[in-house]
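Me: I should like to work through this protein model by means of questions. Please give the reasoning for each reply.

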Amino acid sequence: MRKIHLLTASALIASATFSDVANAEDLTLCWASWDPANALVELSKDFEAKSGNTMHFEFVPWPNFADRMLNELNSGGQLCDLMIGDSQWIGGAAENGWYIKLNDFFDANGIKMSDFIDATVVGYAEWPKNTPNYWALPAFGDVVGWTYRKDWFERPELQAEFKGKYGRDLAAPKTFAELKEIAEFFQNRTIDGKTVYGASIYTERGSEGITMGGMDVLYSFGFKYENPDKPYDMEGYVNGAGAVAGLEYYKALYDCCTPPGSSNGYMSEGIDAFKSGQVAMQMNFAFTWPGFETDANVGHGKTGYFANPAGPNGEQFAQLGGQGISVVAASKKQEQALEYIKWFAQPDVQAKWWSMGGFSCLKAVTLAPEFPSSQPYAQTFLDSMAIVKDFWAEPSYAVLLQDTQKRLHDYVVAGQGTAQEALDGLVEDWTENFKDEGKL
């Protein structure tokens, strides 16, 4: 089946230009239900006007997105012509023939992957990783970063108290040690007559939350998924001393400095905690930042942004988020779906995408001289995308993710065992999975 899909993509290249109305189709694009999706609906009106195609959208809430759409792809369903799928899906989508390969189409239409942020090409488009085999166009750049209450940090009385205690200015932290000190400083403090807390971090158990948060910290403490010189060799990398220290740090931050009832929080809970004035700092994906800028409580200069801080040895990484856009192999409207990707890749469309709250991955947009000043969070986005790492993109990523969710949540939130035991167990889980797949 995969060979047929590739041939189909090649055959469509010659006709993948803007069609006339006679060739127009109703296309359905599938994605998660969130603010960027609403912006894409508006952006796509330009495509409809130019191509004659009519766009429909199937948006699924994040907690149900993976289950719903992976089932759709695996069953060969024809609901979706275009899929903006999560970065970790790319391995399974390529190997199972869910997406068509786009290399020939890109070549025929002058679409160069070198024109996109390097990390997003590796993260969203390539399989196998670090090979020029492309199954998606980078669509939405995202990364875990931090927001902080800039207006609180700038209060003279808090500045003076903090400097007296720690000997430095109260400012966005450069290291995780500094972040914890700031979180402790704000924990249970009264501001404007209200008790506030240090930080909102990811702890959610059901989907991917605590993995995204935990790994966001562990990377900078020395965690690696495998031996760089021996694939799937994980002993001492997943559970080495640095990784253990990182997980201990994450639990300590959870125990000392989060609001009550933070045992199962992810993106929406973080947004709510920050907008409602509960926390001084908040871990969350960059997609949340445009909404903070316009919010009545935390917008208009009250919010600051910073990239994931450095670990104890100076290493600095951040958890990659974001998605690529692909043509679904089961679609009967691949020609028109390819038209959409060609349209979406245009620099003027990408510039408009950024202006509407979409996070463009095109270098012509992000490396433009005016980009850093285009939004208060633009420079932090660039800084963060320069230090990203991602979770496994193996076809079995869902099983690997479930193992991680359980091990991290049991230790960090439920307080079961030690960090060393949690990561040793994770090595056992992952090793068993890769043995079953014949990779070990």
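Me: Is Cys257 buried or exposed, and what is its relative accessible area?

Reply: The model is a predicted one, in which local features need a pLDDT of at least 70, side-chain atom pairs count only at pLDDT 80 or more, and totals for chains, interfaces and linings use all residues. Residues are numbered from 1 along each chain as its sequence is written, and side-chain values use heavy atoms, with hydrogens and water left out. Buried means under 20% relative accessible area, exposed means over 50%, and partly exposed lies in between (1.4 Å probe, protein chains only). Cys257 is therefore buried, as its relative accessible area is 0%.

Me: What pLDDT does the protein chain average?

Reply: pLDDT is the predictor's confidence in each residue, from 0 to 100. Over residues 1-22 the pLDDT stays under 50. In the chain, 95% of the residues score at least 70, and the average pLDDT is 94.

Me: To which cysteine is Cys256 joined, and what is the handedness of the disulfide?

Reply: A disulfide is recognised here as a pair of cysteine sulfur atoms within 2.5 Å. Cys256 is joined to Cys257, with an S to S distance of 2.0 Å. Cys256 counts as partly exposed because its relative accessibility is 24%. The torsion about the S-S bond of this pair is about -95°, so the disulfide is left-handed.

Me: Where in the chain are the two cysteines of the disulfide between Cys30 and Cys80, and how many residues apart are they?

Reply: The S to S distance between Cys30 and Cys80 is 2.0 Å. The pair links distant parts of the chain: Cys30 is in strand E1 and Cys80 is in the loop between H3 and E3, helices (H or I, at least four residues) and strands (E, at least two) being DSSP runs numbered from the N terminus. Both Cys30 and Cys80 are buried. In sequence, the two cysteines are 50 residues apart.

Me: What pattern do the disulfides of the protein chain follow?

Reply: The structure holds two disulfides. With bonded cysteines counted along the chain, the pattern is 1-2, 3-4.

Me: Which cysteine sulfur is nearest to that of Cys361, and how far away is it?

Reply: Cys361 counts as buried because its relative accessibility is 0%. Cys361 is in no disulfide. The nearest cysteine sulfur is that of Cys30, at 20 Å.

Me: Why are the buried residues of H3 on the same side of the helix?

Reply: Helix H3 covers residues 62-74, and its buried residues are Trp62, Phe65, Met69, Leu70, Glu72 and Leu73. The arc is taken from the directions from the helix axis to the C-beta atoms. These residues lie on the same side of H3 because they cover an arc of only 155° around the axis.

Me: Which residues are exposed on the other side of H3?

Reply: The buried residues of H3 pack against several elements, among them strand E1 (26-33), strand E2 (54-61) and helix H18 (397-412). On the other side of H3, the exposed residues are Pro63, Asp67, Asn71 and Asn74.

Me: Which backbone oxygen lies 2.7 Å from a polar atom of the side chain of Thr303?

Reply: Thr303 is found in strand E8 (residues 303-306). Thr303 is buried, as its relative accessible area is 5%. Contact means heavy atoms within 4.5 Å, and beyond its neighbours within four places in sequence Thr303 is in contact with residues including Tyr148, Phe274 and Val298. The backbone oxygen in question is that of Val298.

Me: What value does phi of His300 take?

Reply: Most residues other than glycine have a negative phi, and most peptide bonds are trans. His300 is found in the loop between helix H13 (289-293) and E8, and is exposed, with a relative accessible area of 64%. Its phi is positive in a residue other than glycine, near 60°.

Me: Which residues does a cis peptide bond join, and what is omega?

Reply: Pro128 has its place in the loop between helix H6 (118-125) and strand E4 (137-149). The cis peptide bond joins Trp127 and Pro128, and omega is about -5°.

How values were computed: The expected span of a helix is 1.5 Å times one less than its number of residues. A polar contact is a pair of N or O atoms within 3.5 Å; within protein, one must be able to donate a hydrogen and the other to accept it, and residues adjacent in sequence count only if both atoms are side-chain atoms.
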